[in-house]
Every structure is written in structure tokens, then in C-alpha cells.
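User: Hi! Could you walk me through the fold and the cysteines of this one?
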Amino acid sequence: MKVLLINPPYNSSKYKFIGLVAPPLGIAYIAVVIEKKGFDVSIIDAPALEMDHETLKNEISKHSPDIVAITSVTPTISSALKTAEISKEICPDAVVVLGGYHPTFTYSQLLKLDCVDVVVRGEGEYTMLELAEAIEAGRDLKEVQGIACENFTAPPRDIIEDLDTLPFPARHLLPMDHYKVLNMKLPIGTLISGRGCPYTCSFCASSAMHGHKLRMRSAGNVLDEMEHLVNDHSAEMLAFMDDTFTINKKRVHEICDGKIERGMDNYWGATARVDTLNEELLLKMKKSGCITLFLGVESSDQQSLDQMNKRTTVDKIKRAFELTRKHDIRTVASVALGMPGDTRKSIERTIKFVRNLNPSYAIFSLATPYPGTDFYMKVAGRDLLKTDDWSKYNLLSPVLETVDCSREELKKLQKKAFRQFYLRPRYIVQQTIMDGPILLKTIPAILKSVKM
């Protein structure tokens, strides 16, 4: 039986701000699990290959799949549904499956459409395997935990407690030479060392998907995958895509020590919470090759941080950036403009605050409530959403208004934030010294992303 996994066409994401096109590890994990059980599995990563739907249509036809499984987050759902329609047109007998963050929380709406047969809810590795086995054997799909169909919703599947039992993602099925960082085609290896997050940030779709129980792979298992990326895929840069890599400091130390002991001298980066960093940890991370950290700032207003359930403080944000600068670690500051309670003045203060933090790069996103999050439930319940066009939920298009800012004004403030941050002569000189000509490519790409 042939199973085709698709990452649908899409030309924007929060990572495109910093020129990162990363492998879709979610479907790569699914692929390896079902491939090991003998299924004929293929992956089409349309964004990496810069495919449009017409090109994708031809590719689907070449595979003649029995099952087409399409992953989707909220801003890509329109593209995913178009992909589903194309799949039904080309392969009318194929079972079309949707999975990922957005389908998990909106499955009842999606199953009303003729092009969607099944939705996988939550983590998909073993749900997709059991689904494929049931389809192949002609068994009743109601027996498959974690799915929903038009006429039934099966019980949810338990989360995978021991992540070390998962094989490494099926990177051999991905176009590994098409992934980029800082807009350069550089052999980059992305990996996820844990799932779930104990924090309760109101806007986080990831913890809504994977739960608040932190499940971490062992340091040894993570190091084995790092070696696999370096030895088998010639990765020159490693990037941890966890929600926050630095929650368990002991494990971070073990990974850093192991990387040094195994002689892996390549660079790496990760996401981190500002309140999980200290000098000892940063020294060890730097020694082991860490050069970049992605840090959530969100706001300069403590009341706003509290409303988001960030469980951190403005002083801890300042301290984290002081420490990373001290140890010459690049930082990417992530900011959310236009959260409920924000005003023009508070947004202006946040923009200025981020400049004063002096990160290497900054991402000024517009507040976007994703299905499944507390943020979405609150604003949807109060009828505050100004559009139901999911393609606008891309962090660039305003979908809310604040007490004194229209959507148009919020967009202007976002553009102002990018312009004032990236077009400072002192910043350009400072960052060019650190990143050289890469910066001269990155700034125009960032400004283009926000249509300046």
C-alpha cells in the first residue's frame, strides 16, 4: 500500500523572517514509523521545493497513492484543503487524511467537506500507522484511536510517553539540500528533543497539541541524532525546534558535554525561555558551539505578560539579553504586538524596549489566536475576531483590533517596528561585523516579508 505524506504549498511562516526553511519533522516522524512496518511511503515537501498546486498536482499523479495524508497549521489550512481537493480529483479511490495543529482542533468543520475522509487528532505517528493498517486490512476505522470521520469521533490516543522509542525522522525521504537558514542553502539539521510544555502561555498552540506534561528524550538519544545529522547528512548547523530547549538545565549540560566529548564541532541554536538562562548554562552552551537562541519577549508591559500567562518578568527578559550579549550568543527576540489590552502607547513602548534589548534579530508578530489555545477561546467567545479567513492567521495580517488601534493601524505599527529596528545605521554596522554579508541579504528579505 502506498502512503503519500504532503506538506502543502505555502510561502510564509514566522521563521521566514529569519530566512529559515526547515524540514517538516512531524510528517517525517510519521513516515519512518509506518515505513518500518512495510508500507511504501513518500513525502512531498512543497514549500521547500517551491511547488505551487499545479506542480503538486503532477507530483501526486506520479505517486498514485492509496492514502494521501496532508499536514496543516492554521495559516496553511486553505492550501491543505486545496491539496485535498486535488488529491480526490486525481486519486478518487485514495483515502485523504488531514492532520496537524489546525485539523486537531477544527476536525468537525473539516469533515463536512467532501475532500476530507479522516482527521488525525493529536500526535500522529501511531495513529497514522494504525489507520494505514486498518485501511489495508479493510477493518472498521472506528477501532482506530485518535481519528475522526464524518459519522464518528474515536477516543483520543494516549501521548507517547517514552520519546526515545521513536526512530529518527525519515530524512531520507526529504529534499535535504533545499533547506535554508539566514536565506542561505546551508546543510542544516533540525531536531526536536522533547514535546509538551509545563507553561501555560495563552497563545501557544504547541502546548495545546502536545500537552503540559514535558516529555524529554534522553541526552544520549539526542546526541545520537545529532551525530546522525552530522555524519549522514553533513549538517553544519543544528537547530533544536523544541518549544523551549532549556527547561531542564541538567539535561542541557549533559547534551553539551556529550557533544564536546564526541568531537562534534559544528554550531547549533535553540529556543529558550528567558527565565531558564543563567551564566553557568550559557557558558557551557557557548563552549559546545551554541551561537543562536530564539527568545520569547512578547511585551515590555508586565501586566500584558501576566495576561498572557508568560510567568516571567520584564527584569528577567532584560537579564537574559544582557547575558547572551556578554557571551556573544546571537539572539532572535520574538514579540507579539496587539494582544488584548495593548494600546498604541504600550505597543510603542514594546518596540522601543526591544531596540534597547539589542538582540541580533527581532520578529514583530501581530497577535494571532490559533484554534485550541486559551487566547482563541477568549477572543472567539467575545466575538473579537475580525476575519474567518484562516490564511490571514499568519502573524503578518492583523485579525484583531485593540482598544485604540484598528487593524490598519496595527499593520502600520508592525511595519514601523521592523523599520526602526533593522534600518538603524549602528545596528547594521554592529550586525554586519558579526554576520558579514549574510545580514545584507537578510534585512531586505525581512522587510519584503512585511511588505514594506
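Analyst: Happy to; we can take the sheet, then its helices, then the cysteines. Keep in mind that this is a predicted model.

User: Great. What is the strand order in the open sheet of 6 strands?
Analyst: The order is 10-13-14-15-16-17, and the pairing is parallel. Strand 10 (188–191) and strand 17 (361–366) are the edge strands, each pairing on one side only. From one strand to the next, the twist averages 15 degrees.

User: And over how many bridges do strand 16 and strand 17 pair?
Analyst: Strand 16, residues 330–337, pairs with strand 17 over 6 bridges, in the parallel sense. Within strand 17, Ile-363 stands opposite Ser-334.

User: Which strands does helix 12 touch?
Analyst: Helix 12 (residues 314–326) packs on the sheet and touches strand 15 (290–298) and strand 16. The helix direction makes about 165 degrees with that of strand 15.

User: What about helix 13?
Analyst: Helix 13, residues 344–357, also packs on the sheet, where it touches strand 15, strand 16 and strand 17. Its direction and that of strand 16 make about 180 degrees.

User: Switching topic: how many disulfides turn up in the whole structure?
Analyst: The search finds 0 disulfides.

User: Why is there no bond for Cys-91?
Analyst: Because the closest cysteine sulfur, in Cys-115, is 14 Å from the sulfur of Cys-91, too far for a bond. Cys-91 counts as buried, at 10% relative accessibility.

User: And why none for Cys-197?
Analyst: The closest cysteine sulfur there belongs to Cys-204 and is 6.2 Å away, so it is too far for a bond; the cut-off is 2.5 Å.

User: Is Cys-197 buried or exposed?
Analyst: Cys-197 is buried, with a relative accessible area of 9%.

Note on methods:
Residues numbered from 1 in each chain as written. Predicted model: local features only at pLDDT ≥ 70, side-chain atom pairs only at ≥ 80, totals over all residues. Heavy atoms only, no water. Pairing = 2+ DSSP bridges. Helix = DSSP H or I, 4+ residues; strand = E, 2+ residues; numbered from the N terminus. Axes fitted to C-alpha atoms, helices over the stretch in contact; angles between N-to-C directions. Contact = heavy atoms within 4.5 Å. Buried < 20%, exposed > 50% of the residue type's maximum accessible area, 1.4 Å probe, protein only.
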